Each structure stands twice: as structure tokens, then as C-alpha cells.
Amino acid sequence: MTPDATSVEAYRNLRSRLSDALLAPVHNDIFGTAHYSNKYAPTGSGTVVVRLPLLALNVRKYVERPPFSFSDSARTAALDADINIELHHWLRRVYREFRELYLRIMLTDLKSSMVPSLGCRN
């Protein structure tokens with residue numbers, strides 16, 4: 001989610017083309033507070049905004065240096081203990097956001113499967 005017209009228009013285009021899809025706008029906290037969230041209006045009861053939390057500055061400096069890899073960071077002993085702990089806390093928050101998205105999708109699917117067909121009567 002960014003406030004620029006290109007992103008907002010792309011979201012609206014996707015929303016109109018994929019009206020049955022569950023869209024999940026992603027807000028990266030590095031861009032600040034979401035003053036533009038109304039431009040990414042929810043598309044139903046199952047809609048959720050995925051929030052990527054701000055990464056601590058001391059960790060971000062390490063992550064932005066090539067050839068950093070999130071998957072390799074779990075196996076490397078080269079990280080300072082404080083940086084390693086902060087990185088793992090941040091990753092846990094990111095994983096939680098995507099788990100919540102997955103659960104929301106499952107709930108939406110479950111609700112839609114429970115709606116009786118209009119042609120069937122008990």
C-alpha cells in the first residue's frame with residue numbers, strides 16, 4: 001500500500017477484475033502511518049490488511065548489506081546476539097501476520113461453503 005496514484009489504481013483494477021478474490025493489501029510500517037488506507041477499501045468481510053512491522057534500525061543496517069538472506073540468517077552464527085534476537089522477534093511478527101491472513105481466508109471459505117444453495121430446500 002502506497003499513496004501514489006499508480007498503486008491505488010492498480011488495486012482498484014484488481015478489485016474490479018477479481019471481484020470474487022480476497023485481496024490483502026500489504027502495509028509496510030517503514031512508510032509510516034496509513035493515512036492512505038481509505039484508498040485501499042476492504043472488499044468484503046474477509047478482507048484483512050497485512051502489516052509488515054518496522055524493523056529496528058540496527059537490524060535493518062545488517063539486513064540491507066548484501067548478500068543477506070533471511071533463510072540463511074537462522075543458520076549463521078555471525079550475527080550479534082541482540083541483532084539475532086531482534087530479527088527473530090520481527091520475523092515472528094511477520095509470520096503471525098501471514099498466519100492471520102491464512103486463517104481469515106480459511107474462515108471466509110468456510111462461511112461461503114455453509115451458505116445454502118438457493119435451489120436447495122430442506
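This dialogue goes through the fold, the exposure and the largest pocket of a predicted model.

Visitor: How many helices and strands does the protein chain have?

Guide: Helices (H or I, at least four residues) and strands (E, at least two) are DSSP runs numbered from the N terminus, and the protein chain has four helices and two strands, following the pattern α-β-β-α-α-α along the sequence. Residues are numbered from 1 along each chain as its sequence is written. Because the model is predicted, local features need pLDDT of at least 70 and side-chain atom pairs count only at pLDDT 80 or more, while totals for chains, interfaces and linings use all residues; side-chain values use heavy atoms, without hydrogens and water.

Visitor: Does F31 count as buried or exposed?

Guide: Buried means under 20% relative accessible area, exposed over 50%, and partly exposed in between, with a 1.4 Å probe and protein chains only. F31, in the loop between strand 1 (26-28) and strand 2 (50-52), counts as exposed because its relative accessibility is 54%, whereas N84, in helix 4 (residues 81-114), counts as partly exposed at 25%. Buried residues make up 21% of the 122 residues in the protein chain.

Visitor: Which residues line the largest pocket?

Guide: On a 1 Å grid over the protein atoms alone, a pocket is an open set of points where a 1.4 Å probe fits, with protein on both sides within 12 Å along at least five of seven lines, and lining residues have an atom within 4 Å of a point. Here the lining consists of N28, I30, L52, P53, L54, L55, R60, V63, E64, F70 and W90.
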